[in-house]
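Please open the model in your viewer and keep the selection panel at hand. The tour below proceeds from one selection to the next.

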Amino acid sequence: MHSPPPPPPAGSAGLVLTGGGARAAYQVGILQAIADLRRECGAQSGPYPFPILTGTSAGAINAAALACVADDFDDAVGRIAQVWSQFDAQQVYHADAISMLRSGARWLTLVSLGWMLARWHYTRPRSLLDNAPLGRLLRDMVPLQRLPGLFQAGQLQALAVTASSYSSGEHITFFDAHEDFEPWVRSQRRALRTRITHAHLLASSAIPFIFPAQAVEIDGHSEYFGDGSMRQTAPIAPAIHLGAERILVVGAGREAHAAGGAVPRLRPAAAGAARYPALGQIAGHALSSIFLDALPVDVERLQRINTTLSLIPEAARRASALRPIRLLHLSPSEPIDDIAARHLADLPATVRALLSTLGIDARAGAGRTSSRDAALASYLLFERGFTRELIALGRSDALARRGEICDFFGWNAAAPPRCGPASTAARAG
């Protein structure tokens, strides 16, 4: 006789998905593992694992795709995995020669000859790449028209996506919810309740310089927004404001705990004189600062607050506006830049040529390009070889922490696997 399942943990669970362009494929592997563990533990008939979903950049797209199928978690994960495991760059941005001449080549020409050409308005490109195909993909991948019904049925509590306004300089979290939540205002950031649209997703995922800014209606006028990872000082905060008391955070950078609790050691530089960094290496370093640096700082802040609250007497804690938040943080156990270096040759020839003008040699992948040089390309590698390897890594990392994940959800990890549909990974192809 099997022991009865443990009672579910108290408090709503939230999922925080960060940005990182193609690196967000790692999140898909995490979700696949959670779906399979949920099934193995006999919890698939229970409530949706994440009634509160928040995301930024590519993480906003994944969060919204999950939210739109909040009545069937397995199906939601399978749909997302199907897209990410079959990716090619042309589904996200135009990579044909003519399009590249219209965007990337013109952008580089303006950089080098801008002092001569700036007076002609038509020479001013908006971005390095044209992501018009992404807009079409979102219409199929993220059926936002389902959200009102899911909110009304109580199957979804809240969805939030974050973007950064080029027009006003504000960092804004757009959210929709089942309950009445008061929009919050903090230093350099605020929230706005609205109906989430594909324009919000395109805005949140508009990597600076790489993809064009997106116009979004706000307070009765339009503003241009870019990637929500810019100026993001508290990526976990929206989930807390929306009522989450247990939060699972998936990052795109290799954090300290991923290396067994010790701070990962940086790879020593090659012997000999250091070479001046190429423009592409500098750009990759800048994007990594935008996408990867804020999350570990916010995680440490939350952990310190939890520790402080544990030292305060219960009566005083009840009088405080602060509350302890249970946090589970998952991040890659391997450097994603190293994985990207092995797949650079998978990029379209036009993109490789464009990267070469920035000092990145992507002609032969591993052995020719260092992981530091591959950082920029890792955000653009929407190619199935790369995304499938990240999915596999995410799945492996999550299964390695099976006990923590089952404990987070209150699932009986000792329960024997139940017969049922094929695993999410298998169904995703």
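Begin by selecting Ser57 and Asp227, the residues covered by the annotation "active site" in an unreviewed UniProt entry; UniProt positions are given in the numbering used here, feature names are shortened, and annotations may be inferred rather than shown by experiment. The model is a predicted one, in which local features need pLDDT of at least 70 and side-chain atom pairs count only at pLDDT 80 or more, whereas totals for chains, interfaces and linings use all residues. Residues are numbered from 1 along each chain as its sequence is written, and side-chain values use heavy atoms, with hydrogens and water left out.

The two annotated residues span 171 residues in sequence, yet no two of their C-alpha atoms are more than 5.7 Å apart, so they gather at one spot.

Centre next on Ser57, in the loop between strand 2 (52-56) and helix 2 (58-67); helices (H or I, at least four residues) and strands (E, at least two) are DSSP runs, numbered from the N terminus. Ser57 is buried, at 1% relative accessible area; buried means under 20%, exposed over 50%, and partly exposed in between (1.4 Å probe, protein chains only). Leaving aside neighbours within four places in sequence, the contacts of Ser57 include Gly19, Gly20, Gly21 and Asp227, a contact being heavy atoms within 4.5 Å.

Move to Asp227, which is in strand 8 and is buried at 0% relative accessibility. Among the residues that Asp227 touches, not counting those up to four places away in sequence, are Ser164, Ser204 and Phe291.

Now turn to the salt bridges, of which a search of the whole structure finds 16. Each is a side-chain nitrogen of Lys or Arg within 4 Å of a carboxyl oxygen of Asp or Glu.

Select Arg39 and Asp74, whose side chains meet in a salt bridge (3.1 Å, N to O). Arg39 lies in helix 1 (residues 25-40) and Asp74 in helix 3 (residues 73-85), so the pair ties together parts that are 35 residues apart in sequence. Both Arg39 and Asp74 are buried.

Arg190 and Asp219 form another salt bridge (3.0 Å, N to O). Arg190 is in strand 6 (residues 189-193), and Asp219 is in the loop between strand 7 (214-218) and strand 8 (221-227), 29 residues apart. Is each partner buried or exposed? Arg190 is buried, at 16% relative accessible area, whereas Asp219 is exposed, at 52%.

Finish at Asp298 and Arg301, where the closest N and O atoms of the salt bridge are 2.4 Å apart. Both residues lie in helix 10 (residues 294-310), 3 residues apart, about one turn of the helix.
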